[in-house]
Amino acid sequence: LCALCKERLLAIPGVELNSPAQGGLPYLVNFSARGLRSETLLHFLENLGVYVSSGSACAKGKQSHVLTAMGLPRERVQSAIRVSFSRYNTPQDVDALAQGVAQGMATLARSR
């Protein structure tokens, strides 16, 4: 599902993948939505029934020190979203995420 998720997210203008293109963990995807703080998009997605995280799992929700160490700009780190998959997730879940992100970026960008 990670490959499908990456493909769908990359099709959305303004979305940048923070996860490596090849390799990485097979059940995690990290991306940034340009121009939006992660908490804003997280709550938008939550209202659609799509649950993601805005922080690092190892840092109890704080911004990822790994993304900072990778040299990513502060704005990109502040807009990072972490998606975790399990064996119970489906391609429909990926579709709901991608649709929600696209809708959120369009809606929230207009309201700024």
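Select valine 83 and display its surroundings: apart from residues up to four places away in sequence, this side of the tour begins with contacts to Tyr27, Leu28, Val29, Phe31, Val52 and Leu97. The model on display is a predicted one. Valine 83 belongs to strand 3. At a relative accessibility of 6%, under the 20% limit, valine 83 counts as buried. Add valine 29 to the selection: 54 residues separate valine 83 from valine 29 in sequence, yet their C-alpha atoms are 5.1 Å apart.

**Strand 3 and its partner**

Extend the selection from valine 83 to the whole of strand 3, residues 80-84. Four of the five residues of strand 3 are buried, so the strand is largely enclosed by the rest of the structure. Now add strand 2, residues 28-33. Strand 2 and strand 3 run antiparallel and are joined by five bridges. Two of the residue pairs can be picked out here. Asparagine 30 has arginine 82 of strand 3 as its bridge partner, and serine 32 stands opposite alanine 80, also in strand 3. Strand 2 is itself mostly covered, with five of its six residues buried.

**The full sheet**

Bring in strand 1, residues 15-17. How many bridges pair strand 1 with strand 2? There are three, and the pairing is antiparallel. With strand 1 shown, the open sheet is complete: three strands in the order 1-2-3, paired in the antiparallel sense. Strand 1 and strand 3 stand at the edges and have a single partner strand each, so one side of each lacks a neighbour in the sheet. Direction ignored, neighbouring strands of this sheet are turned by 30 degrees against each other on average.

**Glutamate 16**

Within strand 1, select glutamate 16. Its bridge partner in strand 2 is serine 32, the residue that also stands opposite alanine 80. Is glutamate 16 buried or partly exposed? Glutamate 16 is partly exposed, because its relative accessible area of 24% falls between the limits of 20% and 50%. Residues up to four places away in sequence aside, glutamate 16 touches Phe31, Ser32, Arg34 and Arg76. Of these contacts, arginine 76 lies 60 residues from glutamate 16 along the chain, with 8.5 Å between the two C-alpha atoms.

**Helices on the sheet**

Next select helix 1, residues 2-10. Helix 1 packs on the sheet and touches strand 1 and strand 2. The direction of helix 1 makes about 10 degrees with that of strand 2.

Then move to helix 2, residues 38-47. Helix 2 lies across strand 2 and strand 3, and runs at about 40 degrees to strand 3. Within helix 2, pick glutamate 39. Glutamate 39 is partly exposed, with a relative accessible area of 38%. For a distance across the model, draw a line from glutamate 39 to glycine 23: the residues are 16 apart in sequence and 27 Å apart in space, C-alpha to C-alpha.

**Serine 53 in the loop**

Follow the chain onward to serine 53, which lies in the loop between helix 2 and helix 3, the latter spanning residues 65-69. Serine 53 is buried, with a relative accessible area of 18%. Leaving aside neighbours within four places in sequence, serine 53 contacts Leu42, Ala80, Ile81 and Arg82.

**The second largest pocket**

For the last stop, select the lining of the second largest pocket: Gly49, Val50, Tyr51, Val52, Val83, Ser84, Phe85, Asn89, Asp93, Val94, Ala96 and Leu97. Strand 3 and helix 5, residues 91-110, are the elements that give two or more residues to this lining. Which element gives the most? Helix 5 does, with four residues. The second largest pocket holds about 180 Å³ of space. Colour the lining by class to see eight nonpolar, three polar and one charged residues. Valine 83, where the tour began, is part of this lining, as are Val52 and Leu97, both of which touch valine 83.

Definitions and conventions:
Residues numbered from 1 in each chain as written. Predicted model: local features only at pLDDT ≥ 70, side-chain atom pairs only at ≥ 80, totals over all residues. Heavy atoms only, no water. 1 Å grid on protein atoms, 1.4 Å probe; cavity = no way out; pocket = protein on both sides within 12 Å on 5 of 7 lines; lining within 4 Å. Points joined across faces, edges and corners; volume = space filled by probe spheres on them. Nonpolar A, V, L, I, M, F, W, Y, C, P; charged D, E, K, R; others polar. Pairing = 2+ DSSP bridges. Axes fitted to C-alpha atoms, helices over the stretch in contact; angles between N-to-C directions. Contact = heavy atoms within 4.5 Å. Buried < 20%, exposed > 50% of the residue type's maximum accessible area, 1.4 Å probe, protein only.
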